[in-house]
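Trainee: Please take me through one part of this model in detail: the place where two of the domains meet, together with the ligands and loops around there.

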Amino acid sequence: MSTTAVLGCMWGDEGKAKITDVLASDAHAVVRFQGGANAGHTIWLEGAKFVFNTVPSGLLYPDVICILGAGMVIDPFQLLQEMNTLRDQGLQFEGRFFISPRAPLVLPLHKTIDAGHENDANRVKIGTTKRGIGPAYADRTSRVNLLFGDLFDEEALRAGIANLHRHHYGEVRPIELEETSALLREAAARLEPCLAPTIYMMHEMYSAGKNILFEGAQGSLLDVGLGTYPFVTSSHTTMGGIATGSGFPTRRIDRIVGVYKSYFTRVGEGPFVTELHDETGQRIRDRGHEYGTVSGRPRRCGWFDAVAARYTALINGLDEIAFTLLDVLSGFDTLKVCTAYRIDGEQTGRFPAGASALNRAEPVFEDMPGWQEDITGITRFDDLPQAAQQYVQAIERLVGVPVSIVSVGPDRNQTIFRS
Ligand code: GDP
Ligand code: IMO
Ligand code: MG
C-alpha cells in the first residue's frame, strides 16, 4: 500500500498529468485537491490526446476512482462539458467519479469578474485563465460562496444565490436569481450521482490498504501563499494543500514526487529570472510545443532555475523528482542552469519573497555540455548520452533531491525509471 503526491514544482505545466498517468497504474484512487478548470492536463495515449481540466487524470484507467476534493472550485457547466468530451473519447464516469459537497462553486458571475479585472487597465494584470478561479476562492474566503452540496438542497441553493447577489450587487436581482437557480438545478440533476462523502471514502480506502494518488494542479511557484505573489493562482498548490483540500492528513503520505521540466516555463505575468527573450527561448518553445492547454497562449521559456527549484523542493519536502521533457533539450551545444541570483550586487542562493526583488534578480549561470542525439526512444538511464546523464545529475545535486523518473516524450512508454 502507498499514498503518493504528485506536485508541480514550477509555474505549472510541468507534465504532472503524464507523471500521474504513469504512477496511477496501480492506484485505487486519484484525488484532485485544489484549483479547478484553470488546469490543463494533457495525456497522450497510443496517439490519442486527452485533456483534463477539472477531472483527475486517473480517469484513463477504467478501474481507478476519481475524486474532486473540498479544496477545488467546481464550475458545474464547464465540468459537464468536459465530461461530455471525455465520454465521447470513450471514458466512463459512472460509479467512479465523486465530488466533495464542500467544494465551492465557480459561477458565471465569477468568470465575469475575473475577465473584468483582467481587462481593467488600472489594475495589476495577472494574466489569469479567466476561468473565474480567483473570484470563486475569494467568495469562499468571504464565506459567501455556494458549495457543491448546496446544489442538491433547494432552500440552500436559493438562499445562497440571494446572499451572493447581495454581496456583489448590494441587492437581489429576481430575474438573475431565477435564471441562475434554474441553470444550476439543471446541472445538479446531471451531477447528483457524483455527490459523495469523499473524506470518508478516502479514509476507508486507506484503512483497506488501497493506493491513493494525489494529483496537484498548477505549480508551487503559483501557490497563493508561497509563490510569486501577486502573480499566482488563488489556491494552495503545495504539499499542505493536500490536507486542507482533501481531508487526508499529509503525514500519511509516503511518497512526495515533485515534477520539474528540464527547463522553465511560465504562462501569464510575473517575474521569471531565467526567461529567454531570444531565439533560444523560441527554439525551446517550438521543440516543447509550449503553448497553453487552456488558453492557447505561448508559454514564456527559460533555462532551468535551480534557485527556484531548490526553494520548491524545500517547501514541499520532496522525496524524489520526476524530470520531464528532457528530449526537448536535444540539439543544444551548451545548456545553462541558474545556480544563484545576483540582487543589488549581492549574490544569493535563496529565492526572494517579493516580486520586485525577483524582478531585479540577475541569474548566475553554470554552463553544461549539451547533446545532439534524439533520446525519445531511450528506456534506460545508462543509455542516455553522457551529457544528458550529467545534466540530470547536476539537477539532483543543485536541487538536493534524487531524480527517480526521467520523461523523454509525452507517451506513457517514454519514461525512464531509476532505481
Ligand atoms: P501539466 O499541466 O503539468 O499536466 O502539463 P501540460 O499537460 O499542461 O503540459 C505538458 C505537455 O508536455 C503536454 O503536452 C504533455 O503531453 C507533454 N509532455 C509531457 N512529458 C513530456 C516529455 O517528456 N517530452 C515531451 N516532448 N513532451 C512531454
Ligand atoms: P496546470 O495544472 C500554468 C496561471 C495563469 C496565471 C495565474 C493565475 O495545467 O499546470 P488563474 O486562472 O489560476 O487565476 O491564473 O496562474 N495558471 C497556470 N499556469 N499551468 C496551470 O495549470 C495554470 N493555472 C493557472 O496563467 O498566470
Ligand atoms: Mg497544464
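**The interface of domain 1 and domain 3**

Mentor: In this predicted model, 17 residue pairs are in polar contact across the interface of domain 1 and domain 3, both residues of each pair being at pLDDT 80 or more. On the domain 1 side, helix 1 (16-23) and strand 3 (41-45) each supply at least two of the residues that touch domain 3. Helix 1 gives the most, with five residues. Sorted by class, that side of domain 1 has 20 nonpolar, eight polar and seven charged residues.

Charged pairs also cross the boundary: the rule finds three salt bridges between domain 1 and domain 3. Asp-21 forms a salt bridge with Arg-412, and their closest N and O atoms are 2.7 Å apart.

For the wider layout, the chain is divided into domain 1 (3-101 + 193-255), domain 2 (108-191) and domain 3 (260-417). Domain 1 is therefore written as two stretches of sequence, with the bounds coming from an automatic or database assignment. Taken over C-alpha atoms, the centres of domain 1 and domain 3 are separated by 24 Å. In terms of contacts, 35 residues of domain 1 meet 38 residues of domain 3.

The size of an interface is often given as the accessible area lost when the parts come together. Here the area buried between domain 1 and domain 3 is about 3000 Å², and carbon and sulfur atoms give 62% of that area. Met-10, Trp-11 and Lys-18 supply 24% of what domain 1 buries against domain 3, more than any other three residues.

Now the ligands. Ligand 1 has 18 residues around it, of which Gly-15, Lys-16, Gly-40, Asp-327 and Ser-407 come nearest. Two backbone approaches can be listed for ligand 1. A backbone N or O atom of Gly-15 lies 2.8 Å from one of the ligand's oxygen atoms, and a polar backbone atom of Gly-40 is 2.8 Å from an oxygen atom of ligand 1. From a side chain, an N or O atom of Thr-293 is 3.3 Å from an oxygen atom of ligand 1.

Ligand 2 has 20 residues around it, and Asp-13, Lys-16, His-41, Thr-129 and Thr-233 come nearest. Lys-16 thus appears in the nearest group for ligand 1 and in that for ligand 2. The side chain of Lys-16 places an N or O atom 2.6 Å from an oxygen atom of ligand 2. An N or O atom in the side chain of Thr-233 is 2.6 Å from an oxygen atom of ligand 2, and a polar side-chain atom of Arg-297 lies 3.0 Å from an oxygen atom of that ligand.

Some backbone details belong with this picture. Most residues other than glycine have a negative phi, and most peptide bonds are trans. Asp-13, one of the residues that come nearest to ligand 2, has a positive phi, near 60°. Asp-13 lies in the loop between strand 1 (3-8) and helix 1. The peptide bond from Tyr-229 to Pro-230 is cis, with omega near 5°. Pro-230 sits in the loop between strand 7 (212-215) and helix 8 (240-246).

Finally, consider Leu-325, in the loop between strand 12 (320-324) and strand 13 (334-343). Leaving out residues up to four places away in sequence, Leu-325 touches Glu-14, Lys-261, Ser-262, Tyr-263, Gly-288, Glu-290 and Ser-407. Among these, Ser-407 is one of the residues that come nearest to ligand 1. Leu-325 and Gly-409 are 84 residues apart along the chain, and their C-alpha atoms are separated by 6.3 Å.

Methods. Residues are numbered from 1 along each chain as its sequence is written. Chains are lettered from A and ligands numbered from 1 in the order in which they are written. This is a predicted model: local features need pLDDT of at least 70, side-chain atom pairs count only at pLDDT 80 or more; totals for chains, interfaces and linings use all residues. Side-chain values use heavy atoms; hydrogens and water are left out. Contact means heavy atoms within 4.5 Å. Buried area is the accessible area (1.4 Å probe) that two parts lose on being put together, summed over both. A salt bridge is a side-chain nitrogen of Lys or Arg within 4 Å of a carboxyl oxygen of Asp or Glu. A polar contact is a pair of N or O atoms within 3.5 Å; within protein, one must be able to donate a hydrogen and the other to accept it, and residues adjacent in sequence count only if both atoms are side-chain atoms. Helices (H or I, at least four residues) and strands (E, at least two) are DSSP runs, numbered from the N terminus. Ala, Val, Leu, Ile, Met, Phe, Trp, Tyr, Cys and Pro count as nonpolar, Asp, Glu, Lys and Arg as charged, and the others, Gly among them, as polar. A residue is near a molecule or strand if one of its heavy atoms lies within 4 Å of it.
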